[in-house]
Amino acid sequence: SLRQATTTDFFSPDGAYRLRVDPTPGDLRVTLARKTLGIYFRSWSTSVHMAMFPSNAVIAPDGTFAALLSGYVQRTRTDNAILVFNEDGVVVRAVPLTEVFTPIELRCLSTVSGYAWLLSASLTVHPAPVLRVAGGSRLIPPPSPGVIYDPPYLPEVRFRIPLPSGPITRE
């Protein structure tokens, strides 16, 4: 939850960009900074609301897009599980879990109080900007001897989210 969260930094693959997430009451302060001569200088900063504190972030190598992902969300708050920002810090995509998983798939990702869904994410800009996300159950439940019911399991589902807009598709 946002209450226990502390300031968290995420970096682009080469370390040229840093995305800092600061919890503030009811919101998140998100700041993208670019490294110049060893020092990070702010490119943009904005306040946003997410379902839960982000567990992952990906930043385009050229800083044109950045995405925050809440890998765990509460069952009643599945909106804004994925937020994508453009180079000016404007949210260009706000993706609820219900847009990428069917109700049956969400049941398979269910925990006691929410959904643990994120397996991996990557953001590429060539030939066209796209956020690729993989979701599914983290562990294959071991079969229980003498038990007919086994917990539901969702194999990996991969989807691509074109940026800044366009239909989300499965791969």
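Here are three short exercises on this predicted model, each with a worked solution.

Before you start, residues count from 1 along each chain as its sequence is written. Local features need pLDDT of at least 70, side-chain atom pairs count only at pLDDT 80 or more, totals for chains, interfaces and linings use all residues, and side-chain values use heavy atoms, leaving out hydrogens and water.

**Exercise 1: asparagine 80**

Task: Work out where asparagine 80 sits, and whether it is buried or exposed.

Solution:
- Step 1. Find the loop between strand S7 (72–74) and strand S8 (82–85); asparagine 80 is there. Strands (E, at least two residues) and helices (H or I, at least four) are DSSP runs, numbered from the N terminus.
- Step 2. Check its relative accessible area, which is 19%. Buried means under 20%, exposed over 50%, and partly exposed in between (1.4 Å probe, protein chains only), so asparagine 80 is buried.
- Step 3. Look at what its side chain reaches: the backbone oxygen of histidine 49, at 2.8 Å.

**Exercise 2: the four-stranded sheet**

Task: Find the order of the strands in the open sheet of four, and which strands are at its edges.

Solution:
- Step 1. Trace the order, S1-S2-S3-S4, with antiparallel pairing. Two strands pair if DSSP finds at least two bridges between them.
- Step 2. Pick out the strands that pair on one side only: strand S1 (8–11) and strand S4 (39–48) are the edges.
- Step 3. Add the twist, which averages 20° from one strand to the next. Angles here run from 0 to 180 degrees between N-to-C directions, with axes fitted to C-alpha atoms.
- Step 4. Zoom in on S3 (residues 27–36) and S4, which pair over nine bridges. One partner pair to look at is alanine 33 with arginine 42 in S4.

**Exercise 3: salt bridges**

Task: Say which residue forms a salt bridge with glutamate 105, and how accessible the two partners are.

Solution:
- Step 1. Start with the total: the structure holds five salt bridges. Each is a side-chain nitrogen of Lys or Arg within 4 Å of a carboxyl oxygen of Asp or Glu.
- Step 2. Go to glutamate 105; its partner is arginine 170, with the closest N and O atoms 2.6 Å apart.
- Step 3. Place both: glutamate 105 is in helix H1 and arginine 170 in strand S14 (residues 169–170), 65 residues apart.
- Step 4. Compare accessibility: glutamate 105 is buried at 11%, whereas arginine 170 is partly exposed at 43%.

Methods:
A polar contact is a pair of N or O atoms within 3.5 Å; within protein, one must be able to donate a hydrogen and the other to accept it, and residues adjacent in sequence count only if both atoms are side-chain atoms.
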